[in-house]
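Hi everyone, thanks for coming along. Let me put the structure up so we can go through it together.

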Amino acid sequence: MAFKKKNIYKMNKIDTMPDGRLRMRISINGKQVPVYGKTPDEVTNKAILKYETAIKNEIEPCKERFDKSLLKYMQTFKFSTWSKSTLSRNMRLYRTHIENKKIGRFKVGQIEENDIQELLNFIAENYSFSEVRRVKFLINPYFRRMKKTGKISINPMLDIELPQEENCAVQTKDMNEIILSEDEMKKLLLVAQKYENMDNIISVYYHALLILMSTGIRVGELMALEWTDIDFDLNIFLITRSTNYVDVLDKNGETTKYVRIVKEPKTKTGKRVVGMSEQCRISLEYIKNYQKKHKLDNKHNLVICNSNGNYIQNRDLRDVLKRISKETGINEKATIHGLRHTFGTYVYGKTKDLVGIQRTLGHSDSRTTEKFYVHTQIELLKSISNAFDMKTVTDLETQL
């Protein structure tokens, strides 16, 4: 059956929403279904499509609860394809925003665009934009499959619009808010130097922070670094893995334990060679001598380990950085990841070598297409890291 635009106009009124969108309500399977658009023609065309799709399929709406159905979908199609960290994150999203919540108790066939839009708007009122986007990405493929398999006649995700990022309750920190100025770096390093030679495990953590600041590597990459990755002769080290803590889930998606995983980088650019600055070398040698002097049972040959020779928690480094920040007055501005951005910004200001920075930091959006050969790039990589000259930055006696 074909519908004409004039018939749609006669049957349904187009309203203007507070956000400026146009809305038409149409009746499908005895339910009022809203259709949104920016112009009358757009709204009408979408209404026609929904009518024709519903009549063509004549689908009995799925009566299964949304949260149960979504979990079953994830268990069947996603659990085996997601990484452990992705699985852990998505189950957190599911439990926080879907399971036993208002929308989770809806029958799948009852869910309309308004329900999804209200869910995302509610999340925006309490969380960050990234949280809203992740929830949308989580449920979007589910509804596509429901539509494809005939469980629903209309995909309620079709006209969903993400709330504006500036309207979200939790704002992502602006890059300038977490990048330390040259003066702030001097203050941070001045305090850190007091702890460098304390000959205890805390001094090792301070040197770990200096390595992060002078190389720009990720904290998970540093935690997974082994002594076999270090080449003191060439003043380089290899990044081939990263470590993180994730939930271990059973087949029902329930958390059974919290474990550390070691994994390879997601992209080819994540595996890379990093040049060793002078400060980085000093810190690595201090840590190596400390482990030898105290005869640590370094079970995994880790560069950074605790007193028992095991992996340390990322929060241990955060606590140390927090302690230093309080002493300097920088407070919450200094973050572990902010050290990485500080390195990248500072070195780019000195070298203007964007490609070299991308390689050193292991960014996945690097535009380089040619294969990276270590033997031809060692001097370049060393010069990139050595541009972060801590002796210059910490010329404290004359500049503070």
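The second largest cavity has a volume of about 50 Å³, and please keep in mind that this is a predicted model. The search that covered the whole structure turned up two cavities of 30 Å³ or more. So which residues line the second largest one? Going round the wall, we have Leu188, Leu189, Ala192, Leu209, Leu210, Met213, Ile324 and Leu339. The elements giving two or more residues to that lining are H8 and H9.

Let's stay with Leu209 for a moment. Leaving aside residues up to four places away in sequence, Leu209 touches Leu317, Val320, Leu321, Ile324, Ile336 and Leu339. Leu209 is also one of the residues with the most contacts inside the largest nonpolar core, along with Leu212, Leu222, Phe237 and Leu317. That core has 49 residues. At least two residues each come from helices H8 (182-193), H9 (201-215), H10 (219-223), H11 (278-293), H12 (314-328) and H13 (336-351), and from strand E5 (236-239). Which element gives the most? That is H9, with 10 residues. There is another core apart from this one, with 33 residues, including Leu93, Leu120, Leu138 and Ile160.

Now over to H12. This helix has 15 residues and spans 22 Å from its first C-alpha to its last, close to the 21 Å expected at 1.5 Å a residue. Its buried residues are Asn314, Leu317, Val320, Leu321, Ile324, Ser325 and Thr328. Why do they line one face of the helix? Looking down the axis of H12, the buried residues fall within an arc of 140°, so they line one face. As a reminder, an α-helix has 3.6 residues a turn, so residues three or four places apart point the same way. On the other side of H12, Lys322 and Lys326 are exposed. After the helix comes Gly329, with a positive phi, near 85°.

H12 also brings us to the largest pocket, where it gives the most to the lining, with eight residues. The volume of this pocket is about 1,600 Å³. There are 48 lining residues, and the closest to the centre are Val219, Gly220, Asn244, Asn314 and His337. Besides H12, the elements that supply at least two lining residues each are helix H4 (84-97), helix H6 (129-148), H10, strand E6 (242-249), strand E7 (255-263) and H13.

One residue to take away is Asn314: buried in H12, and among the residues closest to the centre of the largest pocket. Thanks, everyone!

Terms used
Residues are numbered from 1 along each chain as its sequence is written. This is a predicted model: local features need pLDDT of at least 70, side-chain atom pairs count only at pLDDT 80 or more; totals for chains, interfaces and linings use all residues. Side-chain values use heavy atoms; hydrogens and water are left out. A nonpolar core is a set of buried Ala, Val, Leu, Ile, Met, Phe, Trp, Tyr and Cys residues joined through side-chain atoms within 4.5 Å. Buried means under 20% relative accessible area, exposed over 50%, partly exposed in between (1.4 Å probe, protein chains only). Helices (H or I, at least four residues) and strands (E, at least two) are DSSP runs, numbered from the N terminus. Contact means heavy atoms within 4.5 Å. The expected span of a helix is 1.5 Å times one less than its number of residues. The arc is that of the directions from the helix axis to the C-beta atoms. On a 1 Å grid over the protein atoms alone, a cavity is a set of points where a 1.4 Å probe fits but cannot get out, and a pocket is an open set with protein on both sides within 12 Å along at least five of seven lines; lining residues have an atom within 4 Å of a point. Grid points are joined across faces, edges and corners, and a volume is the space filled by probe spheres set on the points.
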